[in-house]
Amino acid sequence: MINIYIDDSGSRSLKDLDQPIYLLTAVCIDNRYFGDISEKLKVITDRFKFKIENTLQSSFDNNTYTSNRANKMSKLLTDLVISENFELHCSEIIRGDIPYIILDKDDRINTIKKTLRVVESYDIPIFTVYCDKNEFLNRHGKGNESECLLNRKMTEALVEIISIYLEKNNEQACIIADEGNYTVSNYMIPYLRENPSERISSEIMQKKSYDSVNIQLADVCAYTTNMKLMHNIKKDNYKHKKIAEELFTVIENYNTLNRLF
């Protein structure tokens with residue numbers, strides 16, 4: 001049995017050409033290794049959170065506050081800055097959004113690398129379907145009908161690729177996705193119900209991403225792939241070009257890229 005974690009990256013809106021790539025990524029985790037993989041990812045997340053908390057605490061070490069007051073103020077700031085629903089969110093980590101900004105860039109990037117190396121350690125297959133929106137617009141034009149077509153074609157392509165993989169390996173699969181994912185909720189769920197698969201359960205599980213380290217892994221893989229594809233398009237004008245190459249290299253041999261059309 002394979003658990004397939006799906007996430008998207010980029011804007012699905014054809015009007016938003018600042019993000020010219022839209023993609024869906026499927027991370028395929030064999031049930032035999034589910035526990036080990038989940039534990040490794042949880043350790044990475046917990047250590048990342050602890051480092052943020054510890055950095056906040058140490059910011060009070062060299063001041064005139066009493067130890068008791070410094071501890072209380074550190075706890076206050078930690079509670080305000082770090083949500084109880086803490087998770088790894090790749091785009092926010094790279095940008096340095098709150099609370100990740102507390103750590104320097106190298107610490108943040110190293111955490112993403114550690115997360116991606118879990119893919120490498122367990123030979124986790126990844127399948128990505130992506131669309132160059134400028135190319136899509138040239139073929140189909142703008143409008144709501146074109147956006148519906150984009151989402152439908154992305155869904156159909158990813159389901160077909162997953163089905164071929166499962167058939168080849170004689171496996172069954174369940175899909176798990178972030179709760180509220182638009183494409184999954186509005187296109188993939190109806191598609192699988194209308195087109196039942198012998199290999200894929202028609203009941204897609206949707207969970208809060210902060211409750212699933214494996215959905216967080218899918219997020220990191222999807223955004224890393226998007227950065228690489230953005231670099232391919234924008235070349236030297238892409239501000240994250242160095243990070244894009246550095247991170248994508250970790251999962252390149254495990255990630256099968258499929259261009260829509």
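Me: OK, helices are DSSP runs of H or I with at least four residues, strands are runs of E with at least two, and both are numbered from the N terminus. What sort of phi does lysine 235 take, just after H8?

Reply: Lysine 235 takes a positive phi of about 55°. Keep in mind that this is a predicted model, where local features need pLDDT of at least 70, side-chain atom pairs count only at pLDDT 80 or more, and totals for chains, interfaces and linings use all residues. Residues are numbered from 1 along each chain as its sequence is written, and side-chain values use heavy atoms, with hydrogens and water left out.

Me: How far does H8 reach?

Reply: Helix H8 covers residues 213-234, which is 22 residues. From first C-alpha to last it reaches 31 Å, close to the 32 Å expected. The expected span is 1.5 Å times one less than the number of residues.

Me: Is H8 mostly covered or mostly open, and how many of its residues are buried?

Reply: Mostly covered: 19 of the 22 residues in H8 are buried. Buried means under 20% relative accessible area, exposed means over 50%, and partly exposed is in between (1.4 Å probe, protein chains only).

Me: New topic. How much space lies in the largest pocket?

Reply: About 630 Å³. A pocket is an open set of points on a 1 Å grid over the protein atoms alone, where a 1.4 Å probe fits, with protein on both sides within 12 Å along at least five of seven lines; lining residues have an atom within 4 Å of a point. Points are joined across faces, edges and corners, and the volume is the space filled by probe spheres set on them.

Me: Which residues are closest to its centre?

Reply: Ser9, Gly10, Gln19, Ser91 and Tyr223, out of 29 that line the largest pocket. H8 gives the largest share of that lining, eight residues. Strand S1 (2-9) and helix H3 (90-95) also supply at least two residues each.

Me: How many lining residues are charged?

Reply: Nine are charged, 13 are polar and seven are nonpolar. Here Ala, Val, Leu, Ile, Met, Phe, Trp, Tyr, Cys and Pro are nonpolar, Asp, Glu, Lys and Arg are charged, and the others, Gly among them, are polar.

Me: Now strand S6. Where is asparagine 255?

Reply: Asparagine 255 sits in S6, residues 255-259. It counts as buried because its relative accessibility is 6%.

Me: Which side chains does its side chain make polar contacts with?

Reply: Threonine 128, at 3.0 Å, and threonine 225, at 2.8 Å. A polar contact is a pair of N or O atoms within 3.5 Å; within protein, one must be able to donate a hydrogen and the other to accept it, and residues adjacent in sequence count only if both atoms are side-chain atoms.

Me: What about threonine 25?

Reply: Threonine 25 is in strand S2 (residues 21-30). Its relative accessible area is 0%, so it is buried. Its side chain also makes a polar contact with the side chain of threonine 128, at 3.0 Å.

Me: Back to S6. Is leucine 257 buried or partly exposed?

Reply: Leucine 257 is partly exposed, because its relative accessible area is 34%. Its contacts (heavy atoms within 4.5 Å) are Thr128, Tyr130, Thr225, Leu229 and Phe248, not counting residues up to four places away in sequence.
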